[in-house]
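User: I am in my first year and would like to take a close look at a single part of this structure. Please go slowly and connect each step to the next.

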Amino acid sequence: AQIGHIGAGDKRLLAYAVDLDVAARVENSGSADLTKLRIVRGLIEQTMMTRSTTEYHFTNKDLARTRTIVVEHAREPGADLVDSPTPAETNANLYRFEIELPAAGGDAASAKPAKGSIKVTQQRVYGQQVALFNYDLPTLISFQKAGKLSQAVLDALRKAAELQGAVGNAQQNAERLTQEIAAIDQDQNRIRQNMNGLDRQSELYGRYMKKLGEQETTLEGLRAQLKAARDEIVTRQRALEQYVAELNVE
């Protein structure tokens, strides 16, 4: 076996052989759960909890000798050890656990392997900020019922959603007016092209002139409405931004 340099007082385990009488099996599982939501300076601050669990299962087939199994389990940065046995040793990078396996029972003809296992779970709780509208209302309501956010937070998010909806309505109105203006402009271009080859004294030419005049009147009204709609977008956007910027709700 070979080992590199180690610090004073530190230790390493040397692997020099394979124990054919001991079998090992490892099972990994994990979960990530949201535990709390609050609003901080206009952002949703969500508290997350992650858990990673590893189960080590061992079987000793040796009829004569017991085994002391040493399990080295890597430490996760920022995580705490929970629902786990007390480690025999701990350093900056790993935990060492020990488990005693008795010798197998019976004789060579009717041996009953000795079994043992340990479960190691590490849990990390951390905060994470996301945009205020990262969750839809049904999801927020389900979180509130589960106790993951307060009624005050839910009410504040509902109010913000209403203000955002008002901005969206104003934007849709401005878009509709823009499309109507573009359609009339396109129709006017078509009429002017048709008028190029007509006698100015003809009845059709006169009808085209009348229609152009009516369209100009309509355009004046639509452009005034569009300006008002754009002003409304700015007003409602400012109201939303002001409300969100001052929002701090537990």
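How many bridges join strand E5 to E6, and in which sense do the two strands run?

Analyst: Please keep in mind that this is a predicted model, and that the values below were computed from it. Two bridges join strand E5, which covers residues 89-90, to E6, and these strands run antiparallel. The link between E5 and E6 along the chain is a hairpin, made through three residues. To see one of the pairings at the level of residues, look at Thr 90, whose bridge partner in E6 is Tyr 95.

E6 has a pairing with another strand as well, since strand E3, residues 67-74, pairs with E6 in the antiparallel sense over eight bridges. One position you can find in the picture is Ile 69, which has Ile 99 of E6 as its bridge partner.

The surroundings of E6 are the next thing to consider. Strand E6 comprises residues 94-101, and because six of its eight residues are buried, the strand is largely enclosed by the rest of the structure. Tyr 95, the residue that is the bridge partner of Thr 90, has a relative accessible area of 6%, and it is therefore counted as buried, the cut-off being under 20%. Phe 97 has a relative accessible area of 1%, so the label of buried applies to Phe 97 too.

Tyr 95 and Phe 97 also form an aromatic pair, with 6.0 Å from centre to centre and 45° between the planes, an arrangement described as tilted. The structure holds two aromatic pairs. In the pair of Tyr 135 and Phe 143, the ring centres are 5.4 Å apart and the planes stand at 80°, so this pair is edge-to-face. Both Tyr 135 and Phe 143 are buried.

For a wider setting, you can turn to an open sheet of four strands, in which the order is E1-E2-E7-E4 and the pairing is antiparallel. Its edges are formed by strand E1, residues 22-40, and strand E4, residues 80-82, each of which pairs on one side only. Averaged over the sheet and ignoring direction, neighbouring strands are turned by 25° against each other. Helix H2, residues 151-195, packs on this sheet and touches E1 and E2, while its direction makes about 65° with that of E1.

Within the sheet, strand E2 (residues 43-60) pairs with strand E7 (residues 114-130) in the antiparallel sense over 17 bridges. Two places where you can follow this pairing are Glu 55, which stands opposite Lys 119 in E7, and Thr 59, which stands opposite Lys 115 in E7. E7 also pairs with E4, again in the antiparallel sense, over three bridges, and here Leu 81 stands opposite Gln 122 in E7.

A residue that lies in strand E2 is Thr 50, and its relative accessible area of 18% falls under the cut-off of 20%, so Thr 50 counts as buried. Leaving aside residues up to four places away in sequence, Thr 50 touches Ser 31, Ala 32, Gln 122, Gln 123, Arg 124 and Tyr 126. Two of these contacts, Arg 124 and Tyr 126, also have an arrangement of their own, as the charged end of Arg 124 sits over the ring of Tyr 126, 4.3 Å from the ring centre.

Conventions
Residues are numbered from 1 along each chain as its sequence is written. This is a predicted model: local features need pLDDT of at least 70, side-chain atom pairs count only at pLDDT 80 or more; totals for chains, interfaces and linings use all residues. Side-chain values use heavy atoms; hydrogens and water are left out. Two strands pair if DSSP finds at least two bridges between them. Axes are lines fitted to C-alpha atoms, for helices over the stretch in contact, and angles run from 0 to 180 degrees between N-to-C directions. Contact means heavy atoms within 4.5 Å. Rings of Phe, Tyr and Trp (its six-membered ring) pair if their centres lie within 6.5 Å; planes under 30 degrees apart count as stacked, over 60 as edge-to-face and the rest as tilted. Buried means under 20% relative accessible area, exposed over 50%, partly exposed in between (1.4 Å probe, protein chains only). A charge sits over a ring if NZ of Lys or CZ of Arg is within 6 Å of the ring centre and within 35 degrees of the ring normal.
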